[in-house]
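Let's take a friendly walk through a protein model, one stop at a time. Keep the picture open as you read.

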Amino acid sequence: MTLRLYDTRAQQLRDFVPLDPENITMYVCGPTVQSGPHIGHVRAALSFDLLRRWLAHRYGRVTFVRNVTDIDDKVLANATDAEPWWALAYRMEQEFTAAYAGVGILAPTYEPRATASIPQMQELIETLIERGHAYPAPDGSGDVYFDVRSWSRYGELTNQSVDAMEAAEDADPRGKRNPQDFALWKGAKADEQADATWRSPWGPGRPGWHIECSAMSKRYLGAEFDIHGGGLDLRFPHHENELAQSTAAGDGFAQYWVHNGLVTVGGQKMSKSLGNFTLAADVLAAHDPLVVRYALAAAHYRSSLDLTESSWAEAEAALARIRTFLERGQRLAKPGWSQAKEGLPNEFWAAMNDDLAVPRALAAIHSSIRAGNALLDDGKIDEARQDVMDVIAMTNILGLNPHASAWSESGDGATASALDALVQTMITQRAQARADKDWAAADRIRDAIAAAGITLEDSPAGTHWSIDG
């Protein structure tokens with residue numbers, strides 16, 4: 001069954017045909033760490049966690065990159081004498097990591113910080129200048145701009161013409177040829193922190209926002225990769241500018257553009273700038289993290305999600321039905337059940353392959369629960385086994401199995417999720433080492449995991465871990 005994804009650039013569903021079926025490559029724009037995460041940030045990250053999990057189930061290996069923008073106008077603006085910009089960025093990055101782990105989002109394969117890829121950004125800017133698509137400002141400011149009118153395809157992602165676009169407001173317009181030209185490099189300014197600058201061929205300064213992701217995606221995934229993801233609000237100008245500068249530099253860049261819908265409050269986008277946001281930490285303190293994950297996953301990833309108190313209540317009730325059914329099946333299980341093959345009903349397959357229709361996938365889970373409960377009520381325990389196995393398999397893929405180690409009741413959910421994220425990262429690194437035939441590195445990683453009291457079990461369905469004893 002073919003996987004179909006809605007491609008924002010094509011504005012239609014497309015069959016997903018990976019560049020390399022043995023290694024799906026995926027880049028998702030991560031947070032700008034000027035302040036802590038709100039629940040909208042968590043919903044966005046969860047959308048791509050669900051896509052990643054399904055891709056991993058279908059193809060095996062997924063190289064997943066999510067960046068951290070740790071140098072930006074907003075980060076500098078929120079810094080203080082007591083907390084420099086780099087310290088603020090690191091503290092906020094930790095808050096994002098904790099929020100992601102709290103709802104069971106897997107750690108990325110790589111999570112690069114923008115400040116670690118400055119040379120790659122400068123190299124990309126130099127290429128654009130050489131190709132005639134960028135220019136240093138003639139006023140000696142040290143700014144460098146992308147010349148949007150030099151690239152006839154500019155506007156292709158959002159189907160806009162340059163003349164209809166508003167002026168780019170990411171830099172002082174004094175040195176621009178066109179109001180829509182955007183900053184690739186920002187010359188150092190007297191009123192900004194002195195340590196927030198790097199040397200460059202155009203003078204001391206720092207990168208513009210858009211160039212960061214183009215450089216990092218190329219560094220970690222290559223000039224061409226499968227999927228670029230991010231929030232709907234990033235389509236313009238951020239993703240439009242990424243696409244323009246990367247393709248103008250000669251790179252194939254992303255083959256599919258996938259965007260998640262936004263969390264809204266009373267129909268209005270949840271935003272720090274609007275002040276209508278709910279901090280992720282507050283939500284996780286008030287609700288079971290698994291309930292939060294279910295509630296955020298319950299709407300289709302491309303739709304808006306307006307969270308209310310009923311959202312949490314509905315998610316809690318749905319999870320109670322899942323938990324009760326699995327516990328009932330476990331109590332009535334007969335010898336040999338654990339060796340039964342976990343399955344995926346056709347309805348679940350069809351839903352997940354239809355642009356990741358998680359609401360329909362959840363409906364398939366509850367359909368199996370109803371059928372299984374009816375069989376158990378009639379004493380048909382053997383016949384109910386497949387429904388139990390199906391529910392386990394489906395909830396495992398969605399990260400919603402309440403009996404999974406990530407949601408162990410022996411410790412708090414956030415801690416268990418954080419441990420799972422770390423172990424999954426090491427498992428991914430070990431798989432990469434084995435793929436590269438670096439057996440020594442693979443053995444070192446496995447030994448390090450074993451030394452922590454964790455057992456790995458390799459199977460055709462993937463690698464699973466458990467704590468010894």
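A helix here is a DSSP run of at least four residues, and helices are numbered from the N terminus. With that in hand, we can start at helix H6, which covers residues 235-248 and contains proline 237. Please keep in mind that this is a predicted model. What kind of peptide bond joins phenylalanine 236 and proline 237? The bond is cis, with omega at about 5°.

Move along the chain to strand E10, residues 253-260, where you will find phenylalanine 253. Its phi is near 60°, a positive value in a residue that is not glycine. Is phenylalanine 253 buried or exposed? Buried means under 20% relative accessible area, and phenylalanine 253 has a relative accessible area of 2%, so it is buried.

Aspartate 355 also has a positive phi without being a glycine, and the value there is near 55°. To find aspartate 355, look in the loop between helix H10 (346-353) and helix H11 (358-377). With a relative accessible area of 2%, this aspartate counts as buried.

Now for a pair of helices. Helix H9 (residues 309-332) packs with helix H12 (residues 381-398) at an angle of about 135°, and their axes are 10 Å apart. How should we describe that angle? Angles over 145 degrees count as roughly antiparallel and those from 65 to 115 as roughly perpendicular, so H9 and H12 are oblique to each other. Their crossing is left-handed. On the H9 side, the contact is made by Ile322, Phe325, Leu326, Gly329 and Leu332. H12 brings Ile381, Asp387, Val388, Val391, Ile392 and Thr395. Sorted by type, the residues of this contact are 8 nonpolar, 2 polar and 1 charged.

Our last stop is the cysteines. How many disulfides are there? A disulfide needs two cysteine sulfur atoms within 2.5 Å, and by this rule the count is 0. Take cysteine 29: the nearest cysteine sulfur belongs to cysteine 213 and is 3.7 Å away, and cysteine 29 is in no disulfide. Seen from the other side, cysteine 213 has the sulfur of cysteine 29 as its nearest, at 3.7 Å, and is in no disulfide either. Cysteine 29 counts as buried because its relative accessibility is 12%. Cysteine 213 counts as buried too, at 1% relative accessibility.

Conventions:
Residues numbered from 1 in each chain as written. Predicted model: local features only at pLDDT ≥ 70, side-chain atom pairs only at ≥ 80, totals over all residues. Heavy atoms only, no water. Axes fitted to C-alpha atoms, helices over the stretch in contact; angles between N-to-C directions. Helix = DSSP H or I, 4+ residues; strand = E, 2+ residues; numbered from the N terminus. Parallel < 35°, antiparallel > 145°, perpendicular 65-115°, else oblique. Left-handed = near helix turned anticlockwise from the far one by under 90°. Contact = heavy atoms within 4.5 Å. Nonpolar A, V, L, I, M, F, W, Y, C, P; charged D, E, K, R; others polar. Buried < 20%, exposed > 50% of the residue type's maximum accessible area, 1.4 Å probe, protein only.
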